[in-house]
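Here is an informal walk through one protein model, going from an enclosed space to single residues. Have the viewer open and follow along.

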Amino acid sequence: MFKNIFTNFRGNIFGGITAGIVALPLALAFGVQSGLGPSAGLYGAIMIGFFASLFGGTNTQISGPTAPMTAVSMVVIAGIIAANNGSVEEALPYILLVFLLAGLFQIVLGVLGLGRYIKYIPYPVVSGFMTAIGVIILITQILPMLGYYTVDDKDYISQFKPQAEEVLLDKILQEEAGEGILVLEDFEETVRRAKRINAADIDAEAMILAKTAGSGVLGATKLIPRAFQNIKLLELGLALATIFIIFGFKRITTKVPSTLVALLVVSAAAYFLKWDYKPISEIPSGFPGLNLDMFANFEFGQISPYIFTALTLSFLGAIDSLLTSVVADNMTKTKHNPNQELIGQGIGNSIASLFGGLPGAGATIRTVVNINSGGTTKLSGMIAAVVLLLITLVLAPVASQIPAAVLAGILITVGIGVMDYKGLKAIPKMPRSEVIIMLVVLVLSVFWNLVYAVGIGLVLASLIFMKKIGDASAKRSKIVQLSNSDELVLHWKDEANFPQKLKEEVFIKRLDGPLFFGNTNDFQELAKSIPETATHLIIRMGKVPYIDQSGLYALEDLMLRLFKSEVKVILVNLQKQPRVMMENIDIIPDLIPEKRILKNFKEVMVYINNNVEDVV
């Protein structure tokens with residue numbers, strides 16, 4: 001796994017340093033977007049970047065927080081904070097525990113060898129999800145781009161004071177219920193506790209409610225009119241300048257990352273010209289400390305609602321990483337190990353959670369920068385992480401002065417870039433069913449829930465796929481009378497020499513494709529077309545590689561009906577999996593004896609000549 005890690009030392013040094021510098025503004029921006037602050041983005045980039053490179057299966061991959069992972073993490077964070085009285089401090093252990101579970105799930109996926117199956121995620125689901133991520137980032141960043149922050153809008157917060165009083169009173173009742181105090185029996189105690197609530201408590205609770213109401217796409221959409229009414233031109237100017245430099249500098253050269261240039265130029269101008277801008281929250285200096293509070297007073301009931309979310313986060317990280325691995329393979333003409341990559345990503349995300357970092361995945365842009373700068377081995381990714389760590393240790397106070405509007409501008413360019421324009425342009429040419437899947441995932445992700453949207457998209461895609469396969473199998477599967485010469489098509493020409501005098505009594509069922517729950521109804525309807533005059537039914541099974549339980553019982557019903565009607569069934573070219581399934585419930589040999597299970601149609605001819613001719 002660590003073979004030749006130190007080859008091309010010079011190239012890996014340059015690749016790692018460049019990738020680390022490119023990762024800095026994105027790590028800060030994703031940390032701010034998540035709601036945990038810029039330090040969470042930095043710590044995630046450091047830990048995931050180092051350990052995913054060390055233990056992963058893609059030599060040139062650079063890992064860290066990405067747009068899709070941050071968008072889902074943002075939903076997780078907001079939900080857990082809301083469930084913990086709006087307190088980040090109270091919610092943090094549970095948030096990090098979800099991130100830890102996501103990393104552990106990725107390790108399990110890799111150990112079980114499921115990495116190779118990630119590629120079967122339908123494209124419409126991925127396309128709708130990625131476009132939704134872009135839309136979410138764009139809408140949620142409009143407010144900071146305009147210089148609007150909920151915590152600064154006193155008029156808006158005051159609207160939540162009546163609700164805040166109700167919430168505080170409800171908390172008192174919950175406390176008393178936990179202590180076994182009944183309000184009707186000790187009303188004076190309730191009044192005494194209620195009198196402790198002061199204006200500061202109400203203001204604090206109102207702020208929490210206002211922040212919760214203004215979070216997400218729907219919350220941001222409702223607040224956009226207020227933002228325009230309270231627009232701060234300086235913040236808007238900083239964000240627009242950042243966007244202009246990022247897109248404009250690429251036209252001059254791509255050797256220097258335009259995102260980094262925008263960050264440095266706009267931030268330096270705002271700082272040295274002493275403009276009155278809003279900086280990002282303070283980044284702690286020094287090595288990040290362990291957050292082990294998640295293991296103290298752990299109660300499974302408080303984290304169980306987020307198990308599915310953690311699993312979804314792990315799958316998303318797996319898809320994100322392996323897609324980037326494919327890009328790296330195409331650029332370097334190498335082959336990654338998908339299962340080892342999942343293990344590495346899982347280890348990186350697990351360790352990042354212990355240090356309070358955001359979860360992440362393989363980052364395409366940073367990986368491409370690393371390769372173009374000379375990176376060829378795992379060492380380049382590890383060096384990129386070390387570069388970020390050194391910046392954190394030495395320049396944290398300086399980085400804390402970066403304008404929040406600059407990071408909003410960076411995120412807007414990320415949102416624009418992450419959308420799947422290829423899929424959007426192909427909508428007029430795509431099958432209607434795939435367009436519906438993509439749009440359902442897109443709309444539900446933006447306006448409802450990212451996690452559930454992906455699940456619904458996968459279910460829809462699976463159902464549509466199974467219907468198409470079932471329809472195709474049913475269309476190709478036929479029951480015909482052998483006297484019908486028109487049915488002796490090229491694929492079944494071995495039936496042409498069948499004895500003429502038997503063609504009125506012997507029927508044949510040609511199955512083409514798997515027999516599964518998607519086509520059992522058609523199979524049963526097809527079976528009803530067998531006339532009462534039939535004495536034998538030949539079922540050609542050579543094109544049936546698989547039977548599921550629904551198909552098996554449908555087949556059993558047919559066999560029982562034919563057995564009672566004294567119609568003898570002959571199976572031709574029965575494959576291994578269908579045979580095992582049929583033996584498990586005794587279709588073989590109770591309903592179909594071994595002598596009527598034949599390898600090919602030549603054996604059928606021999607059997608017919610020896611056993612049927614005398615009957616007619």
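Which helices each supply at least two residues of the lining of the second largest cavity? In this predicted model, the answer is α1 (9-34), α2 (38-55) and α18 (378-399).

**The cavity**

Some background on that space: rolling a probe the size of a water molecule over the atoms shows where empty space is left. Searching the whole structure this way turns up two cavities of 30 Å³ or more. The second largest one holds about 50 Å³.

If you want to select its lining, pick A19, G20, A23, A45, G49, I62, S63, G381, A384, A385 and L388. Helix α18 gives the largest share, with four of these residues. As for chemistry, the lining splits into seven nonpolar residues, four polar ones and no charged ones. Glycine counts as polar in that tally, so G20, G49 and G381 go on the polar side of the lining.

**The chain as a whole**

Zooming out, the chain has 27 helices and seven strands. It runs to 616 residues, and 51% of them are buried. The exposed surface comes to about 29,400 Å², with carbon and sulfur atoms supplying 62% of it. Now take the contacts between residues at least 6 apart in sequence: 84% of these join residues at least 24 apart.

One helix to look at is α19, which covers residues 404-418. From its first C-alpha to its last, α19 reaches 21 Å over 15 residues, close to the 21 Å expected at 1.5 Å a residue. Helix α19 is also mostly covered, with 13 of its 15 residues buried.

**Residues in helices**

N349 sits in helix α16 (residues 338-354). Is N349 buried or exposed? With a relative accessible area of 3%, N349 falls under the 20% cut-off and therefore counts as buried. Leaving out residues up to four places away in sequence, N349 touches I48, F99, G103, Q106, P359 and G360.

I464 belongs to helix α22 (residues 450-476). Its relative accessibility is 23%, so I464 counts as partly exposed. What does I464 touch, not counting residues up to four places away in sequence? The list is S433 and I437. I464 can also be paired with E434: the two are 30 residues apart along the chain, and their C-alpha atoms are separated by 8.8 Å.

**Two lysines in strands**

K509 lies in strand β4 (residues 506-512), while K543 lies in strand β5 (residues 536-543). How do the two lysines fare for cover? K509 has a relative accessible area of 0%, so it is buried. K543 has 36%, which means it is partly exposed.

Each lysine also has a partner from elsewhere in the sequence. The C-alpha atoms of K509 and L537 are 7.1 Å apart, although 28 residues separate the two along the chain. For K543 and D512, the C-alpha distance is 5.1 Å and the sequence separation is 31 residues.

Here are those pairs, along with the one from helix α22:

| Pair | Separation along the chain | C-alpha to C-alpha distance |
|---|---|---|
| K543 and D512 | 31 residues | 5.1 Å |
| K509 and L537 | 28 residues | 7.1 Å |
| I464 and E434 | 30 residues | 8.8 Å |

**Backbone oddities**

A few spots are worth a look if you check backbone angles. N573 has a positive phi of about 55° although it is not a glycine. Where is N573 placed? It is in the loop between β6 (568-572) and α25 (576-584). At a relative accessible area of 38%, N573 lies between the 20% and 50% cut-offs, so it is partly exposed.

D586 also has a positive phi without being a glycine, at about 65°. D586 is in the loop between α25 and α26, and its relative accessible area of 40% makes it partly exposed.

Moving on to helix α26, which spans residues 587-591, you find P589. Which peptide bond here is cis? The bond from I588 to P589 is, with omega near 10°.

Definitions and conventions:
Residues are numbered from 1 along each chain as its sequence is written. This is a predicted model: local features need pLDDT of at least 70, side-chain atom pairs count only at pLDDT 80 or more; totals for chains, interfaces and linings use all residues. Side-chain values use heavy atoms; hydrogens and water are left out. On a 1 Å grid over the protein atoms alone, a cavity is a set of points where a 1.4 Å probe fits but cannot get out, and a pocket is an open set with protein on both sides within 12 Å along at least five of seven lines; lining residues have an atom within 4 Å of a point. Grid points are joined across faces, edges and corners, and a volume is the space filled by probe spheres set on the points. Helices (H or I, at least four residues) and strands (E, at least two) are DSSP runs, numbered from the N terminus. Buried means under 20% relative accessible area, exposed over 50%, partly exposed in between (1.4 Å probe, protein chains only). Contact means heavy atoms within 4.5 Å. Accessible areas come from the Shrake-Rupley method with a 1.4 Å probe; for residues, only the protein chains shown count as cover. The expected span of a helix is 1.5 Å times one less than its number of residues.
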